[in-house]
Amino acid sequence: MTSHPLHRAEFLTTAAEWNGLPRGSAPEIAFAGRSNAGKSSAINALTGRRRLAYVSRTPGRTQHINFFRLPSGALLADLPGYGHAAVPAAVRRRWDALLSRYLAERRPLIGLILVMDARHALTALDRRMLEWFWPTGRPVHALLTKADKLATAERRNTLAEVESVLARDFIARGARVGVQLFSAADASGVAEAEEAIGAWLEGPHADRGCA
Ligand code: GDP
């Protein structure tokens, strides 16, 4: 197995609407999370590039899906952070329409990384992402970020709690969801996340064709 499956990612393109999504059948992994959850930091930690996920963070671009390409041809999709109070309702509606369709219908998408602050996991908006995606039958891997901010016992309790809620509310209904602790600050959990993502990328994924 490649030890760093996301290293050497390069910015590819940005899309604000369905028709702007990259075409092709390369497998794609999406990163979702509330704004400020630590999604950009997680992407940067996993790609080994300190500022990759900030490259496209120019004003006006934060509502877009940003794509990065790996040397294998596989894509990473950095979804816009959600839950930002300052976003106008009309923008939010457009975003919801693109995101729900993207998660439910994007054919090359082989897995979703759901980034959640370990201290505020599984908010209503996080659950909505799961509800949009899990019926596709494809796997979700949740990262409980900023774990460095928790004491050891808290970390254990948080992980156990989130695992039991996921089991009760999602896995019991057939969803494929894993979860782990993560910290971009001290790099803990990076190897575990790489293993989960590497397994997706190396697993069998049929040619899914365009969007
Ligand atoms: P995004 O909005 O989800 O992309 O979040 P960012 O990656 O920009 O992170 C939001 C804030 O949380 C920034 O101030 C980061 O420095 C901080 N942060 C992100 N990940 C971690 C982490 O693992 N540990 C700590 N202590 N802070 C983090």
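**Exercise 1. Find out how much surface the chain exposes, and what share of it carbon and sulfur atoms supply.**

Solution. Keep in mind that you're working with a predicted model.
- Start with the total: the chain exposes about 10,000 Å².
- Then take the share: carbon and sulfur atoms supply 50% of that area.
- Now turn to the residues themselves: of the 211 in the chain, 48% count as buried.

**Exercise 2. Check whether the radius of gyration of the chain agrees or disagrees with that of a compact globule.**

Solution.
- Work out what to expect: for 211 residues, a compact globule would come out near 17 Å.
- Compare: the chain has 16 Å, so the two agree.
- For the overall dimensions, look at the C-alpha trace, which spans about 45 × 45 × 35 Å along its principal axes.
- Finally, look at who touches whom: take the contacts between residues at least 6 apart in sequence, and 77% of them join residues at least 24 apart.

**Exercise 3. Work out in what order the helices and strands follow each other from the N terminus.**

Solution.
- Count them up: you should get five helices and seven strands.
- Walk along the chain, and the pattern reads β-β-α-β-β-α-β-α-β-α-β-α.

**Exercise 4. Decide whether helix α1 is largely enclosed or largely open, and explain why.**

Solution.
- Locate α1: the helix covers residues 39–47.
- Pick out its buried residues, which are K39, S40, A42, I43, N44, L46 and T47.
- Draw the conclusion: seven of the nine residues are buried, so α1 is largely enclosed by the rest of the structure.
- Ask what does the enclosing: the buried residues pack against strands β2 (28–33), β4 (75–78), β5 (109–117) and β6 (140–145), along with helix α5 (190–202).
- Don't stop at the helix end: just after α1, G48 takes a positive phi of about 70°.

**Exercise 5. Sort N66 and K149 into buried or exposed.**

Solution.
- Find N66 first: you'll see it in strand β3 (residues 65–69).
- Use the cut-off: buried means under 20% relative accessible area. N66 has 6%, so N66 is buried.
- Check its side chain for a partner: a polar contact of 2.7 Å joins N66 to the side chain of T14.
- Next, K149 sits in the loop between β6 and α4 (152–169).
- Exposed means over 50%. K149 has a relative accessibility of 51%, so K149 counts as exposed.
- Last step: K149 and R119 are 30 residues apart in sequence, and their C-alpha atoms are 8.6 Å apart in space.

Note on methods
Residues are numbered from 1 along each chain as its sequence is written. This is a predicted model: local features need pLDDT of at least 70, side-chain atom pairs count only at pLDDT 80 or more; totals for chains, interfaces and linings use all residues. Side-chain values use heavy atoms; hydrogens and water are left out. Buried means under 20% relative accessible area, exposed over 50%, partly exposed in between (1.4 Å probe, protein chains only). Helices (H or I, at least four residues) and strands (E, at least two) are DSSP runs, numbered from the N terminus. Contact means heavy atoms within 4.5 Å. The radius of gyration is taken over C-alpha atoms; the globule rule is 2.2 Å times the number of residues to the power 0.38. Accessible areas come from the Shrake-Rupley method with a 1.4 Å probe; for residues, only the protein chains shown count as cover. A polar contact is a pair of N or O atoms within 3.5 Å; within protein, one must be able to donate a hydrogen and the other to accept it, and residues adjacent in sequence count only if both atoms are side-chain atoms.
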